[in-house]
Amino acid sequence: MIAVQTMTMSSYFRPSVDAMEGYVPGEQPKPGTNIIKLNTNENPYPPSPDAIAVLRTLDSEWLRRYPDPYANEFRQAISQVLGIPTDWIMVSNGSDELLNVIVRACAEQSSRVVYPMPTYVLYRTLTQIQPADIVEVPYGESFCLPIEELVAANGAVTFIASPNSPSGHTVPLADLRQLAAQVSGVLVIDEAYVDFAEETALPLVQEFENVIIARTLSKGYSLAGLRLGFGIANPNLLKGLFKVKDSYNVDAIACAVGAAAMRDQTYKNDCAEKVKTSRAKLAGDLKQLGFRLWDSQTNFLLAQPPQGNAEQIFLGLKQQGILVRYFKQSGLEDKLRITVGLDEQNQRLVEALRPLV
Ligand SMILES: *Cc1c(COP(=O)(O)O)cnc(C)c1O
């Protein structure tokens with residue numbers, strides 16, 4: 001006989017974990033299903049042929065041994081491409097892991113993690129897990145960086161995604177420089193979408209010891225499934241992060257494939273140019289349907305339907321096998337975030353939207 005306890009179960013978890021929601025990733029249908037997937041900002045083009053070629057050369061010895069704890073082959077490729085010494089680079093299992101390591105290394109219960117809203121939801125999740133106090137500063141309709149409020153919040157960590165998701169805007173370098181000079185803690189500039197942007201904040205790492213730039217191969221390099229990201233910062237700042245990361249955080253395959261992808265800048269840049277051309281065309285078509293749009297320096301568009309019925313449109317598209325992203329979140333409930341796909345995918349989206357708007 002098994003006694004089933006249905007009354008008050010005590011929790012196995014820390015109160016901070018019990019209290020939080022948990023990050024909800026965008027839907028991931030199985031590859032091969034006939035779905036137009038415009039919900040998680042993957043690149044519509046395949047990864048560099050050079051990266052695929054490396055994948056084919058790997059043998060079992062790569063799997064038998066532990067990988068390089070510093071992913072040096074990949075670090076050297078980054079170092080060559082960006083002209084930064086290798087000891088200014090830390091490689092991570094996707095840039096999500098880097099963000100996680102930063103919160104774990106720098107924030108604690110009595111300190112604050114600060115970011116403007118709306119932005120990448122993971123910043124909140126990571127802070128809730130830690131836990132540390134959260135200060136969310138609203139951007140406002142114009143998406144002007146609220147520098148004074150961000151500085152006043154006195155964060156142990158301040159996160160700025162630039163270009164930002166889901167707005168798509170790039171924060172001007174002058175604003176980031178002013179923020180870097182004034183914040184007391186670490187300033188993380190998350191450049192997940194920099195490959196589609198006109199500007200980078202990379203020079204700031206040389207000017208300020210408290211600035212770290214987070215990059216990923218998930219968007220620009222079409223390698224979201226590989227899980228590879230990296231941080232660029234003064235070695236004094238990286239020193240603490242290296243203590244906190246898992247020793248073998250990046251697997252041997254990711255390190256080798258990522259290095260080849262990084263060296264093939266021409267391919268990555270060509271794909272980014274094609275995405276930008278498609279972005280302009282899709283923006284034009286959406287405007288014709290009456291959508292309000294924000295200027296995007298990313299591979300997605302934030303789009304407000306003329307009637308504001310974003311959730312209804314999201315569900316209507318889903319029924320037809322087209323996934324876009326809908327955030328049930330203050331300020332976003334009347335908007336959709338749409339990843340720029342191939343021209344034929346974008347065209348199918350526009351046709352599906354016509355009767356829904
Ligand atoms: C996609 C994304 C990331 C995460 O990238 P991974 O390297 O796949 O973990 C980080 N920040 C922002 C703003 C993103 O949109």
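**Close-up views of salt bridges**

Glu136 is partly exposed in this predicted model, with a relative accessible area of 30%. The views below show this residue and others that take part in salt bridges. The structure holds 16 salt bridges in total.

**View 1. Arg124 and Glu136 meet in a salt bridge.** The N to O distance between the two side chains is 2.8 Å. Arg124 lies in helix 6, residues 122-129. Glu136 lies in strand 4, residues 133-138. The pair therefore ties together parts that are twelve residues apart in sequence. Arg124 has a relative accessibility of 26% and counts as partly exposed. Glu136, at 30%, is also partly exposed.

**View 2. Lys37 forms a salt bridge with Glu42.** Their closest N and O atoms are 2.9 Å apart. Lys37 is partly exposed, with a relative accessible area of 21%. Glu42 is partly exposed too, at 27%.

**View 3. Lys276 and Glu273 form a salt bridge within helix 12.** The closest N and O atoms of this pair are 3.1 Å apart. Helix 12 covers residues 265-288. The two residues sit three residues apart, about one turn of the helix. Lys276 has a relative accessible area of 16%, so this residue counts as buried, which means under 20%. Glu273 is partly exposed, with a relative accessible area of 44%.

**View 4. Glu198, Glu273 and Lys276 are linked in a network of salt bridges.** Lys276 and Glu273 are the pair from View 3, both in helix 12. Glu198 joins them in the network.

Technical notes: Residues are numbered from 1 along each chain as its sequence is written. This is a predicted model: local features need pLDDT of at least 70, side-chain atom pairs count only at pLDDT 80 or more; totals for chains, interfaces and linings use all residues. Side-chain values use heavy atoms; hydrogens and water are left out. A salt bridge is a side-chain nitrogen of Lys or Arg within 4 Å of a carboxyl oxygen of Asp or Glu. Buried means under 20% relative accessible area, exposed over 50%, partly exposed in between (1.4 Å probe, protein chains only). Helices (H or I, at least four residues) and strands (E, at least two) are DSSP runs, numbered from the N terminus.
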